[in-house]
Amino acid sequence: MKIRFVGGAAIFLAAFAVLFSARADDALQRIQKSGVLKWGADAEGGAPYVFPDPQQPEKLIGFEVEIADALAHKFGARAEMVQNQWDGLVPALQRGNFDIVLNGLEITEEHRRQIAMSQPYYVYSQQIITRKDNVALTNLASLKGHAVGTLSGTVAQRIMEKAGGVDVRVYPGQVEPFRDLNNGRIDAVMLDRPIAVYYLTKEPNLKMSGDPFAPGYYGIGVRKEDQTLLLALNQGIAELLADGTLEKIYRKWNLWDKNQLLLVNYHEEQPTAQKNAPVSTFRNWRTYLPMLLKGALVTVEISVLAMALAIACGLALALTRLHGIAPLRWLAVAYIEVIRGTPLLIQLYLIYYGLPNVGIRLNAFVAAVLGLGLNYAAYEAENYRAGIQAIPRGQMEAALSLGMNRWLSLRAVVLPQAIRIVIPPVTNDFIALFKDSSLVSVITMVELTKVYGMLALTTYDYMGLGLMTAALYFGLSYPVSLLAKRLERKLHRDRR
Amino acid sequence: MIAVEQLKKSFGKHAVLRGISMRQQKGEIVVVIGPSGCGKSTFLRCLNQLETMDSGQVTVAGITFNEKPTDHATQHRLRLRAGMVFQSFNLFPHLTVMQNITLAPVRGNGEPRDRAESRARELLKKVGLLERADFYPSQLSGGQQQRAAIARALAMQPEVMLFDEPTSALDPELRGEVLRVMRDLAEEGMTMLVVTHEMNFARAMADHVLFFDDGLIAEEGAPEQIFNESRNARTREFLSHFAENYRRTGGT
């Protein structure tokens, strides 16, 4: 009965929409004209929403793929997925990269502030997952004092942070938290139930613990000005709900539960006008700056330790390459070439997620320092090699002819001169490392860039927070340049 | 003091030394002359093992070695007994003159610093650089730098000094001060093996002159014999390039 009413209302709205769209060249008209509905989503670790078919990796599958196809069909168009980092879907929509966001976007106040949200198409809830032997962690309260993984920028993250006392570990993708749960780095994972349903079929040692809780709605995101598209989407969702298409899709993916009945009774709560204004983080810098500073402290700790490691290992590598015996020399060359020739990101993944496979389980901080340090060691080694080779051979020969051994000659004669030459490139690398340290957020380190990302995601003030963050980076790296310049001058005191 | 038997050395296919044999007594001054690329420098560098040889046998200050690598202790002793002065001075630019001289005695041999420094001051006085002890090499003229380098080598109290074209990198007006120091050293009885193009020095100071040509000793003898009565066409041809110089300076 109710379903039919919604359907009736939808038909009325559709008529209105057609009338409206005839007057302006808006998104809906464009979609119908071009025959393409562009939807933004993140297929990286996106199961079961949208992800590459394991059998046929060039093809995307997932329950949202099927919803997008069904909706596009209603517009007489075909759906075309546009890949976009999940964290950045809303700003990318606002920039016009695609027409809609259809990717587990929760209907929340924050999202409503930025974009228009459609009727819900799915009722999600939170699910706690633990190892099979764990019986204690069954609800939010029991998570206190435990390390719990979740996805960056999700409702689950916010629920846990609000609850307090939980050691929240934030992951960029869906696979990694389950890995860390398996290898014992964390005690539980909490995230949207669809993800749990899908991944537990592949994780024999994990289980859902306790009942799903904190239900919420997934809606489709649309630019605020695209009102006709929004109405058409609402109508489309209502029709798919009414004719059982959605239920069929959800049952196929094992996602159907009685919570979905809430979809029918959904009433949109209008955001209040005053909340509509974006948060100015500039004006509230007292709140946000300390959070950014905390992230900056982590950035500094990681960078300084990693650079110290890079300098020490780089020197050892350079000396081995120049003066070592044959097999060691080849090893040093191989290390330098392999590390320089592969992305830092992959190296971080290998150290953090790969090493547990061979029994080495490092915590995120150690992995971050090791990853950055060992990577930059290869670059430092080449700096030092260039510096050492720039010292004329006669210096070494003079030292040797005075009866000094090779090691003392290097230490007392060649290296002190080489250091002066390498200060500028090493300073350069330190500043580069300082900024590259933002990459370690992929292994759950919450450093400056990550804090920025998380704050920007909730406030949507990319500008204000971005400027503050950039100022912090600059404020921390510029003194390093100045210090290096002074050091250089001091060491060159003998040059006239 | 020095005995060399059939010393041979090639760089790749190029034979630089093709069988050098010579002897030098304690206190003797031997000067090696010859066209550039004839192997003079390589010969000198083989004597303190900055260069390895391919075959032959060398004895320097009681240490005998051949093409086989010697152990570190022997090499260390060899280099302490045979001091070397380079064409390009090779002072350590990041250290003062004093530090240049005391680095090896203090950090290499573990000598007390004050003893090394007082000896360094004596040597600096001898080469006329006492007031430059705390200068950096870049603040000195070429001649001063080479004198400092000589003092640095002497600080190891060597039994023989090897000079590898010590004045070739210097402007003519700066050569005299270096040659004067070398002459003083010779008069004190230091055993010296000198590779040089300074014919005046060779003529005046050498006990024995070796003329190197194409990796061999083409002629050797007392300086009067080499410079005045050479019967070797190559020697005469080589020396003719310097004739003009002699006349102008009137010999020494």
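This report describes the interface between two chains, two sheets of chain B and some local backbone features.

The model is predicted: local features need pLDDT of at least 70 and side-chain atom pairs count only at pLDDT 80 or more, whereas totals for chains, interfaces and linings use all residues. Residues are numbered from 1 along each chain as its sequence is written, chains are lettered from A and ligands numbered from 1 in the order in which they are written, and side-chain values use heavy atoms, with hydrogens and water left out.

**Interface of chains A and B**

Chain A contributes 22 residues in contact with 24 residues of chain B, contact meaning heavy atoms within 4.5 Å. The size of an interface is often given as the accessible area lost when the parts come together. Here the area buried between chain A and chain B is about 2,000 Å², with 59% given by carbon and sulfur atoms; buried area is the accessible area (1.4 Å probe) that two parts lose on being put together, summed over both.

Between chain A and chain B there is 1 salt bridge, defined as a side-chain nitrogen of Lys or Arg within 4 Å of a carboxyl oxygen of Asp or Glu. A:Glu397 and B:Arg45 form a salt bridge. Across the interface, 5 residue pairs are in polar contact, both residues being at pLDDT 80 or more. A polar contact is a pair of N or O atoms within 3.5 Å; within protein, one must be able to donate a hydrogen and the other to accept it, and residues adjacent in sequence count only if both atoms are side-chain atoms.

On the side of chain A that touches chain B, helix H15 (393-401) and helix H16 (406-436) of chain A each supply at least two residues. The largest share, 8 residues, comes from H15(A). Helices (H or I, at least four residues) and strands (E, at least two) are DSSP runs, numbered from the N terminus. By residue class, this side of chain A divides into 9 nonpolar, 5 polar and 8 charged residues. Ala, Val, Leu, Ile, Met, Phe, Trp, Tyr, Cys and Pro count as nonpolar, Asp, Glu, Lys and Arg as charged, and the others, Gly among them, as polar.

**Salt bridges**

Over all chains, the structure holds 25 salt bridges. Two of them are tabulated with the distance between their closest N and O atoms.

| Salt bridge | Closest N and O atoms |
|---|---|
| A:Glu397 and B:Arg45 | 2.6 Å |
| A:Lys74 and A:Glu239 | 3.2 Å |

The pair of A:Lys74 and A:Glu239 links distant parts of the chain, 165 residues apart: A:Lys74 is in helix H3 (residues 63-74) and A:Glu239 in helix H9 (residues 227-242) of chain A.

**Sheets of chain B**

An open sheet of 6 strands in chain B has mixed pairing and the order E6-E7-E8-E3-E9-E10; two strands pair if DSSP finds at least two bridges between them. Its edge strands are E6 (82-85) and E10 (216-221) of chain B, each pairing on one side only. The twist averages 20° from one strand to the next. Axes are lines fitted to C-alpha atoms, for helices over the stretch in contact, and angles run from 0 to 180 degrees between N-to-C directions. Strand E9 (residues 208-213) of chain B runs antiparallel to E10(B), joined by 5 bridges, and B:Leu210 stands opposite B:Glu220 in E10(B). Helix H2 (residues 72-81) of chain B lies across E6 and E7 (160-164) of chain B, at about 60° to E6(B).

A second open sheet, of 4 strands, has the order E2-E1-E4-E5 in chain B, with antiparallel pairing. E2 (14-24) and E5 (63-65) of chain B are its edge strands. Strand E4 (residues 55-60) of chain B pairs with E5(B) over 3 bridges, and B:Val58 has B:Phe65 as its bridge partner in E5(B). Helix H1 (residues 40-47) of chain B lies across E1 (2-11), E2, E4 and E5 of chain B, running at about 120° to E1(B). H2(B) also packs on this sheet, touching E4 and E5 of chain B.

**Backbone features**

The peptide bond from A:Ala47 to A:Pro48 is cis, and A:Pro48 lies in the loop between E1 (36-41) and E2 (51-53) of chain A. B:Phe89, not a glycine, has a positive phi of about 65°.
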